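Okay, thanks for coming, everyone. I'll put the structure up and then walk through it piece by piece.

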Amino acid sequence: MTTSTYRSTYANVAGASARHEAARLRQGTSKWVAPPRTKPSATQTVPQRESVAKSFAWAVAVGSLGFFIHYIVALVLAVAVFIAVKTHVVKEVPRSKPKPKSSRGSVGHAVRVPPTPQELAEADNWDLGAVGEEETARILSVLERRGWTILHDRSIPSSTANLDHIAVGPRGQVVVIDSKNRRPAPGAVLRLSPDGEGLRYGNSDWSKIVAAVRAEVRKSQGEMLVEPSAIVVVHGVEFGSMPVMRCNGVLVVRPDKLVERLELEPRVTDKPWIASHVDRTFPPYLE
């Protein structure tokens, strides 16, 4: 039985990252909404300079008139008028009642934006891929009783990519397995291209799928201490006359032939710690 040093929720769970991405897309996105701007009413505030200017004008007028009577009386009268008018202007300004603070605060709030049709379609594709990974894990579970260590959904050091499955055999075999799950197309079969260098499904060129898996294996090879094999297992489509095909150094295998093909892997090393090394070096993609 497979044992892993990791005990997190997603440790060694096939399709975990694909399910996680599908759930994220179905949640939609968050949008930050700023609070609406409100215009202050005319009675809310009166600029201080207006009251001062009005008071000063009245004081000058009265002071000029009183100058002819007596400059001392005029000065006293001007000061009194200034104070009286300023007080009257300030009293005309009603005090606005403080508005209750919104529970969302004054800096805006987040609102949920529903997923778009494109995001929902993309989420369906991620779920379809997860189903394929889960089916591959079910097939590989047979090998666990035969001394194989099976690891699922592992990250590649110094990379954002992941490996769907890593199978480590009792004779030191290390096999990187990529699961693909596609909706069947009427009349289409999976086959090698006429030159034997590419892979085609109906009229679609699948050579890039094989090339991507080969690139991921190359990225991880240095950390595995042994040279790994690469297999793509394809669910949901009909194979042509060849249930096992070699394309660009990668085996493309029909699901019912996967276990049989893995048991044909030759001995690589007698080191018993290869499985634990691979498990530690390639941690779960989701912690």
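**Sheets, a helix and a ring pair**

So, let's start with a hairpin: S3 and S4 pair in the antiparallel sense, over 6 bridges. If you want one pair to find on screen, take Arg-154, whose bridge partner in S4 is Leu-163. Between the two strands of this hairpin there are 6 residues, and Ser-158 takes a positive phi there, near 60°.

Before I go on, please keep in mind that this is a predicted model.

Now zoom out a little. What is the order of the strands in the open sheet of 6? Reading across, you get S3-S4-S5-S9-S11-S10, and the pairing is mixed. At the edges sit S3, residues 149–155, and S10, residues 244–247, and each of those pairs on one side only. From one strand to the next, the twist averages 30°.

Here's something I like about S3. It's an edge strand, and yet 7 of its 7 residues are buried, so S3 is largely enclosed by the rest of the structure.

What lies across that sheet? Helix H4, residues 117–144, lies across S3, S4, S5 and S9. Relative to S5, helix H4 runs at about 140°.

Moving along to S9, residues 229–235: this strand runs parallel to S11, residues 250–253, and 3 bridges join them. Val-232 has Val-252 in S11 as its bridge partner.

Stay on S9 for a second, because I want to show you His-235, which lies in that strand. Is His-235 buried or exposed? Its relative accessible area is 8%, and the cut-off for buried is under 20%, so His-235 is buried. As for what His-235 touches, leaving out residues up to four places away in sequence, the list is Gly-132, Glu-135, Thr-136, Ile-139, Lys-180, Asn-181, Arg-182 and Pro-255. Hold on to Arg-182 from that list, since we'll meet Arg-182 again at a ring.

Okay, on to the other sheet I wanted to show. Here 3 strands form an open sheet, ordered S6-S7-S8, with antiparallel pairing. S6 (190–192) and S8 (204–205) are the edges, each with a single partner strand, so one side of each has no neighbour in the sheet. S7, residues 199–201, is joined to S8 by 2 bridges, and Arg-200 stands opposite Asp-205 in S8.

Next, the aromatics. The count comes to 1 aromatic pair. Which residues make it? They are Tyr-201 and Trp-206, with ring centres 5.2 Å apart and planes at 45°, so the pair is tilted. Tyr-201 counts as buried, at 7% relative accessibility, and Trp-206 is buried too, at 8%. And here's Arg-182 again: its charged end sits over the ring of Trp-206, 5.6 Å from the ring centre. So on one side of the story Arg-182 is touched by His-235, and on the other it has its charge over Trp-206.

Last, a few overall numbers. The protein chain comes to 7 helices and 11 strands. Of its 287 residues, 39% are buried. Among contacts between residues at least 6 apart in sequence, 69% join residues at least 24 apart. The chain exposes about 17,600 Å², with carbon and sulfur atoms supplying 58% of that.

That's my tour, happy to take questions.

How values were computed. Residues numbered from 1 in each chain as written. Predicted model: local features only at pLDDT ≥ 70, side-chain atom pairs only at ≥ 80, totals over all residues. Heavy atoms only, no water. Pairing = 2+ DSSP bridges. Helix = DSSP H or I, 4+ residues; strand = E, 2+ residues; numbered from the N terminus. Axes fitted to C-alpha atoms, helices over the stretch in contact; angles between N-to-C directions. Contact = heavy atoms within 4.5 Å. Buried < 20%, exposed > 50% of the residue type's maximum accessible area, 1.4 Å probe, protein only. Areas by Shrake-Rupley, 256 points an atom, 1.4 Å probe, with all protein chains shown as cover. Phe/Tyr/Trp six-rings, centres within 6.5 Å; stacked < 30°, edge-to-face > 60°. Lys NZ or Arg CZ within 6 Å of the ring centre and 35° of its normal.
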